[in-house]
Amino acid sequence: MMKIATYNVNGITARLPVLLRWLEETAPDVACLQELKAPQEKFPLEAIENAGYKAIWHGQKSWNGVAILSRIGEPTERHRGVPDNDEDEQSRYIEAEINDVIVGCLYLPNGNPAPGPKFDYKLRWMDIFTRHAAALLKEEKPALLTGDYNVIPTEKDVYKPERWVEDALFRPESREAFHKILEQGWTDALRKLNPDDTIYTYWDYFRNAFGRNAGLRIDHFLLSPPLKKRLTAGGVDKQVRGWEKTSDHAPVWIELADK
DNA sequence: ATGTCCGCGCGACGCGGA
């Protein structure tokens with residue numbers, strides 16, 4: 001069994017105590033992190049290693065930043081940045097192989113305000129990422145693409161859909177781009193496990209959103225066909241969102257059977 | 001429109017980003 005988690009930490013420096021507590025209490029084998037908000041040299045490698053994890057990361061000053069942690073062996077890096085997106089200066093993707101599973105960790109652009117240049121950047125990024133997802137599927141290997149997609153896939157995934165129709169996370173262009181990836185043959189793991197449940201992974205810091213359960217589902221696990229067959233469980237570590245000095249996202253995890 | 005948290009540059013608050 002392999003347990004893999006994704007967690008948008010919203011600043012790894014400020015989040016370090018919460019991150020370490022979560023790693024200790026839930027013990028994922030692999031953890032994909034987003035929004036490090038730290039330059040490459042400020043990644044807290046010693047604390048992560050003391051917690052039992054090897055790590056690779058793609059940092060950036062102030063914003064973005066992604067990392068892959070593993071306690072089942074060194075992550076073997078495959079890509080840093082989405083392939084064929086070399087002009088992208090933002091640290092939003094890192095990909096590794098761990099125990100014969102390809103793990104892609106992404107932080108998709110937010111895209112607000114929409115319309116505008118940030119929304120254009122989001123759609124362009126999704127287009128290039130979609131091509132990479134297709135290339136990955138062609139390898140026919142166990143692969144997953146996880147992280148903060150900044151896309152609300154359906155009306156079921158937001159507490160009040162009508163309030164989000166103009167938002168870059170829920171606009172038709174974003175949702176269509178996301179569904180185009182699924183149509184290639186990727187499986188939305190949490191939705192597959194819980195077809196009808198309300199599942200949220202993010203609650204903003206405003207207006208007591210968490211207390212009111214005014215959430216969004218924007219952190220996703222997409223599985224290639226060989227991994228879909230191995231999916232046994234998944235969930236959201238919602239309790240973490242209630243901790244002191246916490247992120248606005250909660251960690252999400254899945255479990256995969258050994259082949 | 002509101003609201004809150006993060007990192008930054010500056011010089012202990014204001015700003016961009018989310």
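Visitor: Where does L137 fall: buried, exposed or partly exposed?

Guide: This is a predicted model: local features need pLDDT of at least 70, side-chain atom pairs count only at pLDDT 80 or more, and totals for chains, interfaces and linings use all residues. Residues are numbered from 1 along each chain as its sequence is written, while chains are lettered from A and ligands numbered from 1 in the order in which they are written. Buried means 20 or more other C-beta atoms (placed from the backbone) within 10 Å of the residue's own, exposed means 12 or fewer, and partly exposed is in between. L137 has 16 such neighbours, so the residue is partly exposed.

Visitor: Which residues does L137 touch, beyond those up to four places away in sequence?

Guide: L137 is in helix 3; helices (H or I, at least four residues) and strands (E, at least two) are DSSP runs, numbered from the N terminus. Contact means C-beta atoms, placed from the backbone, within 7 Å. L223 is 86 residues from L137 along the chain, with 9.6 Å between the C-alpha atoms. The residues that L137 touches are Q184, G185 and S224.

Visitor: What is the phi of G185?

Guide: G185 follows helix 4. Its phi is positive, near 130°.

Visitor: How far apart are the end C-alpha atoms of helix 4?

Guide: Helix 4 covers residues 172-183, which is 12 residues. The expected span is 1.5 Å times one less than the number of residues. That predicts 16 Å, and the ends agree because they are 16 Å apart.

Visitor: What does the buried side of helix 4 pack against?

Guide: The buried residues are S174, A177, F178 and I181. They cover an arc (of directions from the helix axis to the C-beta atoms) of only 95°, so they share one side of helix 4. The face turned away carries the exposed P172, E176 and E183. The buried residues pack against helix 3 (117-138) and strand 10 (219-223).

Visitor: Which strand gives the most to the largest nonpolar core?

Guide: A nonpolar core is a set of buried Ala, Val, Leu, Ile, Met, Phe, Trp, Tyr and Cys residues joined through C-beta atoms within 7 Å. The largest has 72 residues, and those with the most contacts inside it include V66. Among the residues V66 touches are C105, L106 and Y107. With six residues, the top contributor is strand 7 (residues 101-107).

Visitor: Which loop holds P113 and P115?

Guide: The N112 to P113 bond is cis, with omega about -5°. The A114 to P115 bond is cis too, with omega near 0°. Most peptide bonds are trans. P113 and P115 both lie in the loop between strand 7 and helix 3.

Visitor: N10 and K245 are not glycines, so what are their phi values?

Guide: Most residues other than glycine have a negative phi. N10 is partly exposed, with 18 C-beta neighbours inside 10 Å, whereas K245 is exposed, with 9. Both phi values are positive: N10 has about 55°, and K245 has about 50°.

Visitor: Which residues are closest to DNA strand B?

Guide: Near means a C-beta atom, placed from the backbone, within 6 Å. 15 residues surround the strand: five nonpolar, five polar and five charged. Here Ala, Val, Leu, Ile, Met, Phe, Trp, Tyr, Cys and Pro count as nonpolar, Asp, Glu, Lys and Arg as charged, and the others, Gly among them, as polar. The closest are G11, T13, A14, K37 and Y205.

Definitions and conventions
Two residues are in contact if their C-beta atoms, placed from the backbone, lie within 7 Å.
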